[in-house]
Amino acid sequence: MLELLLRPINAQTLLLTIAIVAVVSVIFAVLIVLVSKLCAVKEDEKAKAVSEHLAGANCGGCGFAGCADFAKALSEGKASINDCGVTANEEKEEIAKILGIPFSATEQTFAVVKCAGGNNSKDKFNYVGNYGCDAEITYMNGRKLCPEGCLGGGSCASVCVGDGVKIINGVAVIDKNLCESCGACIKKCPKNLIELIPKTAKVYVACSTKCRGKDVMTACSVGCIGCGLCAKNCPQGAITMVDNLPVIDYSKCNGCLTCVSKCPRKTIKEI
């Protein structure tokens, strides 16, 4: 072994080895460049331009994984501009110009939870398991006696990009000033208790049960009993009763709050 180490290096062999290594390196470099060009994903310039005008919240409320995917879908005509609730109307108008399509501004909205039960609503059983509405609802539709009762597990809060959802007294509550109207909480709620209403709205119905009065009174102390007093006393005729629940026509409502004062269960809330 020592003799091999002490043997003089053949200069010609060394140069030949270096040359071979250099040639192989150049060949691999050329192949890498060729492969990168052939396999490169061409960037959609239209999608890139659209993306620059999106809010960049990456909330998923539009139904896509993020703003980049949404921009791509818009450029391919597979989505609607108004699927995004976060981007301002001014920016949406610029996107419409890029896409060459007409655009009509939509009314600004925010989300409300159509339930005020929480600790005011009775439980069927004591739930012990993984935290979150998604987990709880898999067992007997959740612990609440009311079939539509908010479980208060915070699944909606976990996806809110604006930190606008809090669990207060066992029920989800949304801060109007922090809501970005992205719709992520709406998609996340397993009981479909969240909806968007106009930002100008003065009241909303904090209940979703379709049960009759007697059943509601057994399950919840603040649930709507379908008495219809709100509809009967609304000066603007803005409220109709559908499936034992009041439905507000916000185009007629002037915010007089008569419905709030007349509701015996205080189910209609002032915003």
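**Exercise 1. In which helix is the place of serine 75?** Work out also whether serine 75 counts as buried or exposed, and with which residues serine 75 is in contact.

*Solution.* The structure is a predicted model, and every value used in these exercises is computed from it. Begin with the position along the chain: serine 75 belongs to helix 4, which covers residues 67-75. Next, take the relative accessibility of serine 75, which is 16%; buried means under 20%, and therefore serine 75 counts as buried. Then look for partners beyond the neighbours within four places in sequence, and you find that serine 75 is in contact with Asp44, Lys46, Ala47 and Leu99. Widen the view to the whole helix: the buried residues of helix 4 are Cys67, Phe70, Ala71, Ala73, Leu74 and Ser75, and what covers them includes helix 3 (45-51) and helix 5 (89-99). Finally, go past the end of helix 4, where glycine 77 follows with a positive phi, near 75 degrees.

**Exercise 2. Which residues have the most contacts inside the largest nonpolar core, and which strand supplies the largest share of this core?**

*Solution.* The principle behind the search is that nonpolar side chains tend to be buried together in soluble globular proteins. Here the largest nonpolar core has 23 residues, and Val113, Ile174 and Ile194 are those with the most contacts inside it. Now assign the core to its strands: strand 1 (109-113), strand 3 (171-174) and strand 4 (194-198) each supply at least two of its residues, and the largest share, four residues, comes from strand 1. To see one member in its surroundings, select isoleucine 174, which, if residues up to four places away in sequence are not counted, touches Ala111, Val112, Val113, Gly164, Val165, Cys179, Cys185 and Ile194. Apart from this core lies another one, of 15 residues, which includes Phe70, Ala71, Leu74 and Cys84.

The next step concerns strand 1 itself, which is mostly covered, since four of its five residues are buried. Strand 1 pairs with strand 4 in the antiparallel sense over five bridges, and threonine 109 stands opposite proline 198 in strand 4.

**Exercise 3. How many aromatic pairs does a search of the whole structure find?** Describe the geometry of each pair.

*Solution.* The search finds two aromatic pairs. In one of them, phenylalanine 64 and phenylalanine 70 have their ring centres 5.8 Å apart and their planes at 45 degrees, an arrangement that is tilted. The two partners can then be compared by accessibility: phenylalanine 64, at 26%, counts as partly exposed, whereas phenylalanine 70, at 2%, counts as buried.

In the other pair, phenylalanine 125 and tyrosine 139 lie 5.2 Å centre to centre with 80 degrees between the planes, and because planes over 60 degrees apart count as edge-to-face, this pair is edge-to-face. Phenylalanine 125 is in the loop between strand 1 and helix 6 (133-136), while tyrosine 139 is in the loop between helix 6 and helix 7 (155-159), so the pair ties together parts that are 14 residues apart in sequence. Tyrosine 139 itself counts as partly exposed, at 46% relative accessibility.

**Exercise 4. Why is the sulfur of cysteine 133 not in a bond with the closest cysteine sulfur?** Treat cysteine 253 in a similar way.

*Solution.* Recall that a disulfide is a covalent bond between the sulfur atoms of two cysteines. The cut-off needed here is 2.5 Å between the sulfur atoms. For cysteine 133 the closest cysteine sulfur, in cysteine 150, is 5.9 Å away, which is too far for a bond; cysteine 133 is buried, with a relative accessible area of 8%. For cysteine 253 the closest cysteine sulfur, in cysteine 259, is 6.2 Å away, again too far for a bond, and cysteine 253 is partly exposed, with a relative accessible area of 25%. By this rule, the count of disulfides comes to zero.

**Exercise 5. Where is aspartate 163 found, and what is the phi of asparagine 169?**

*Solution.* As background, most residues other than glycine have a negative phi. Aspartate 163, which is not a glycine, nevertheless has a positive phi of about 55 degrees, and it is found in the loop between helix 7 and strand 2 (165-168). Asparagine 169 has a phi near 55 degrees, also a positive value; its place is in the loop between strand 2 and strand 3, and at 56% relative accessibility asparagine 169 counts as exposed.

How values were computed
Residues are numbered from 1 along each chain as its sequence is written. This is a predicted model: local features need pLDDT of at least 70, side-chain atom pairs count only at pLDDT 80 or more; totals for chains, interfaces and linings use all residues. Side-chain values use heavy atoms; hydrogens and water are left out. A nonpolar core is a set of buried Ala, Val, Leu, Ile, Met, Phe, Trp, Tyr and Cys residues joined through side-chain atoms within 4.5 Å. Buried means under 20% relative accessible area, exposed over 50%, partly exposed in between (1.4 Å probe, protein chains only). Contact means heavy atoms within 4.5 Å. Rings of Phe, Tyr and Trp (its six-membered ring) pair if their centres lie within 6.5 Å; planes under 30 degrees apart count as stacked, over 60 as edge-to-face and the rest as tilted. Two strands pair if DSSP finds at least two bridges between them.
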